[in-house]
Amino acid sequence: MASTSLPGTTDKRLASLLTLFANNATIAISGARIAREIGVSRSTVWRWIEQLREVGVRVKGRPHTGYFLERVPDILAPELLRAQLKGSLFGKRIYHFFKTDSTNRVAMELGYAGEPEGAVILAEEQSAGRGRAGRTWHSERAAGIYATLLLRPKISPVQAPLLTMMAGLSAHAAIQAQTALKLDLKWPNDLVLNGKKLGGILTEMYADTSLVRFVIVGIGINVNQEKFPAELSGIATSLRAETGRNLSRLELLARLLREFETDYNRFLREGAKSVTDRFTRASSYAVGKKVRVTNGSESFTGVTAGLAPEGLLQVERDDGKVVTVIAGDVTEAR
Ligand code: BTN
């Protein structure tokens, strides 16, 4: 299995431990039996159980009385995810970390090393999650989805930003399917819920002038965060904060990967329009929104006027001139 071949990734036998627990719900299993069944020492079992507890898995009991799970764990263990992704492009090579600096950083390295398309890099926690424009992405342990997908599409570099918008659409569809929430997409990469940021996409690539070598699509979704640091509390939200209940990250991620695969195949078959048309329908920012566009020290206001063929946002400035936004922050202006 891929997830054992990279330093720092989670030992695949840990998934066996979770499966063993899940199949014996509420029955206490002794440390000795666990060690025997998954083929590790009792001290390893103890260490793993501590690790699971740290990410919020409710393992009750002690080595001599036996361990059991209080409830089904919500950890993004490759084996559990794979079971929901049979036959999928994204079910084959899953790298899982309890903690890493950035799943995008890992994905870039794998990309350079020749990792095939379809690899998924997951972390329960990131110590240096990357956001857009050099920002950091707050990645609280086991609360959000922090996932990066590695792709090798035969497209030109100018088309790569379409994958960011496409990922936003896939996340939008997955969240809509799991909750009844009404989401918005802010060009190019924000998932917005009730005016606050619920998630974001960071796409990075390695390309020649005319051909993409590989693209990595990093997706961050705030799922079960109860609160955010002071500097984010006014602008960020989570699915839990909006619905008042915890959501299964595993189910949501599996759905997201299935939606992504469908959207990706369609994009490769039908081209940019399959993305821009859908984005225009799903995003209140695409047409007729009064916005402020800020790029470095430059800033102007205007009204959005649809997407250009490669997905760039067109804005009719207050002076009547229509401009194409290539980079920069777009915010609603009142
Ligand atoms: C944004 O600024 O809106 C983009 C945020 C992207 C965050 C995700 S979390 C998983 C992946 N790994 C990273 O380091 N960043 C992306």
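Val291 and Gly302 are bridge partners, with Gly302 placed in strand S11. The model in which this pairing appears is a predicted one. The pairing belongs to a wider contact between two strands: S10, residues 287–295, and S11, residues 298–307, are antiparallel and share seven bridges. Two residues separate S10 from S11 in a hairpin, and in its turn Gly296 adopts a positive phi of about 60°.

Gly302 also leads to the next strand, since it stands opposite Arg317 in S12. S12 covers residues 313–317 and runs antiparallel to S11, to which it is joined by four bridges. Another pair between these strands consists of Leu307 and its bridge partner in S12, Leu313. The hairpin of S11 and S12 has five residues between the strands, and there Gly311 has a positive phi near 95°.

From S12 the path continues to S13, residues 322–325; these two strands are antiparallel and are joined by four bridges. Glu316 has Val322 of S13 as its bridge partner. Four residues lie between S12 and S13 in their hairpin, where Gly320 takes a positive phi near 95°. As a general point on such strands, side chains in a regular strand alternate between the two faces of the sheet.

Attention now turns to the ligand. The ligand is located in the largest pocket. Helix H5 (103–112) and strands S5 (144–151), S8 (196–207) and S9 (212–222) are the elements that each contribute two or more residues to the shell around the ligand. S8 provides the largest share of this shell, namely four residues. Sorted by class, the shell comprises six nonpolar, eleven polar and four charged residues. The ligand has 21 residues around it, and those that come nearest are Ser102, Thr103, Arg130, Arg132 and Lys197.

Several distances between N or O atoms describe the surroundings of the ligand in finer detail. An oxygen atom of the ligand lies 2.7 Å from a backbone N or O atom of Arg130. For Asn189, an N or O atom of the side chain is 3.2 Å from an oxygen atom of the ligand. The side chain of Asn104 has an N or O atom 3.4 Å from a nitrogen atom of the ligand. Taken on its own, the ligand has 420 Å² of accessible area, of which the protein covers 99%.

Two features of the backbone remain to be considered. Most residues other than glycine have a negative phi, and most peptide bonds are trans. Ala133, although not a glycine, has a positive phi of about 55°. Ala133 is situated in the loop between strand S4 (120–123) and S5. The second feature is the peptide bond between Trp187 and Pro188, which is cis, with omega at about -5°. Pro188 belongs to the loop between strand S6 (183–186) and strand S7 (190–193).

Terms used. Residues numbered from 1 in each chain as written. Predicted model: local features only at pLDDT ≥ 70, side-chain atom pairs only at ≥ 80, totals over all residues. Heavy atoms only, no water. Pairing = 2+ DSSP bridges. Near = heavy atom within 4 Å. Polar contact = N/O pair within 3.5 Å; in protein donor to acceptor, adjacent residues only side chain to side chain. Areas by Shrake-Rupley, 256 points an atom, 1.4 Å probe, with all protein chains shown as cover. 1 Å grid on protein atoms, 1.4 Å probe; cavity = no way out; pocket = protein on both sides within 12 Å on 5 of 7 lines; lining within 4 Å. Sits in = over half its atoms within 2 Å of the grid points. Nonpolar A, V, L, I, M, F, W, Y, C, P; charged D, E, K, R; others polar.
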